Amino acid sequence: MTLRSFLSPSLAAIGAIALATAAQAAPLKIDAAKSTVGATFKQLNVPVDAKFKKFTAAIDFDPAKPAAGKASIDIDIASFDLGEAEYNKEVQKKEWFNAAQFPKATFVASSIKPSAGAPAGTKFDVAGKLTIKGKSTDVSFPLAVKKEGNAQVFDGTLPIKRLTYNIGEGEWKDTGMVADEVNIKFHIVATQ
């Protein structure tokens, strides 16, 4: 075997791998100015809307190939905004988010599948791991995806129980004041 006969197939294989890698979809660019992550819960049976001002998301998704999709989000807990500085400071304490010890909440998708009966490429069932305050659980939620110009828009609501993650310890475990049910809502706008 000559060096030339060995190198020719090897170079062809390397070229094919490089072309295949280049053809794969690149991770989407998140438009932070148009994207939001928030939470809705009830305090004394009155709905309260709050938002996280800082978060990062990594999404690699093609609606035609959802099983190959990847998604994760990191939320800066200190950016939680209830609209009042005093409340914002309170929820950072150990009894609530304990932001000093657990500065981030994270979600990492483990599967993305088309929703049964939905028009192709519009609704998906997402499952993954949610970690808040050091506690990780398996979660799932429906995801809506639509095109707006050259952007993909991802909308979803993830219902959780705050006590599962020890959010509200001590006297705050009483769900008469702050309900256990919390809906994490997100609207992520991304482009290629």
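**Salt bridges, strand pairs and a pocket**

Let me start with one contact. Lys 129 and Asp 138 form a salt bridge, and their closest N and O atoms lie 2.8 Å apart. Keep in mind that this is a predicted model.

How accessible are the two partners? Lys 129 is partly exposed, at 40% relative accessible area. Asp 138 has 61% relative accessibility, so it counts as exposed, the cut-off being over 50%.

How many salt bridges are there by this rule? The count is 7. I will show two others.

Next pair. Lys 146 makes a salt bridge with Glu 148. Here the closest N and O atoms are 3.4 Å apart. Lys 146 is partly exposed, with 42% relative accessibility. Glu 148 is partly exposed too, and its value is 42%.

Now Lys 161. Its salt-bridge partner is Glu 181, with 3.0 Å between the closest N and O atoms. This pair links distant parts of the chain. Lys 161 sits in strand 10, residues 151–161, and Glu 181 sits in strand 11, residues 178–191. The two are 20 residues apart. On accessibility, Lys 161 comes out at 39%, which is partly exposed. Glu 181 comes out at 45%, also partly exposed.

On to the strands. Take strand 7, residues 104–114. Which strands does it pair with? On one hand, strand 5, residues 70–76: that pairing is antiparallel, over 5 bridges. On the other, strand 8, residues 123–132: again antiparallel, over 8 bridges.

One residue ties this together. Look at Thr 106. It is the bridge partner of Asp 74. Thr 106 also has a bridge partner in strand 8, namely Thr 131. Please follow that row on the model: Asp 74 to Thr 106, then Thr 106 to Thr 131.

A general point while we are on strands. Side chains in a regular strand alternate between the two faces of the sheet.

Now the other group of strands. Strand 2, residues 36–43, and strand 3, residues 46–52, run antiparallel and are joined by 7 bridges. Within that pairing, Lys 42 stands opposite Pro 47. What lies between the two strands? A hairpin connection of 2 residues. Leu 44 in this hairpin takes a positive phi, near 50 degrees.

Strand 3 has a further partner. That is strand 6, residues 80–81, antiparallel, with 2 bridges. Phe 52 has Phe 80 as its bridge partner there. Hold on to those two phenylalanines.

They bring us to the largest pocket. Its volume is about 900 Å³. The lining has 44 residues. Which of them are closest to the centre? Ala 39, Phe 52, Phe 80, Val 182 and Ile 184. So here is the bridged pair again: Phe 52 and Phe 80 are partners across strands 3 and 6, and both are on that list.

Where does the largest share of the lining come from? Strand 11, which gives 6 residues. Strand 11 has come up already, as the strand that holds Glu 181 of the salt bridge with Lys 161.

Last item, the make-up of the lining. It divides into 38 nonpolar, 3 polar and 3 charged residues.

To recap. Salt bridges: 7 by this rule. Strand 7: antiparallel to strand 5 and to strand 8. Strand 3: antiparallel to strand 2 and to strand 6. The largest pocket: about 900 Å³, with 38 nonpolar residues in its lining.

How values were computed: Residues numbered from 1 in each chain as written. Predicted model: local features only at pLDDT ≥ 70, side-chain atom pairs only at ≥ 80, totals over all residues. Heavy atoms only, no water. Pairing = 2+ DSSP bridges. Helix = DSSP H or I, 4+ residues; strand = E, 2+ residues; numbered from the N terminus. Salt bridge = Lys/Arg side-chain N within 4 Å of Asp/Glu carboxyl O. Buried < 20%, exposed > 50% of the residue type's maximum accessible area, 1.4 Å probe, protein only. 1 Å grid on protein atoms, 1.4 Å probe; cavity = no way out; pocket = protein on both sides within 12 Å on 5 of 7 lines; lining within 4 Å. Points joined across faces, edges and corners; volume = space filled by probe spheres on them. Nonpolar A, V, L, I, M, F, W, Y, C, P; charged D, E, K, R; others polar.
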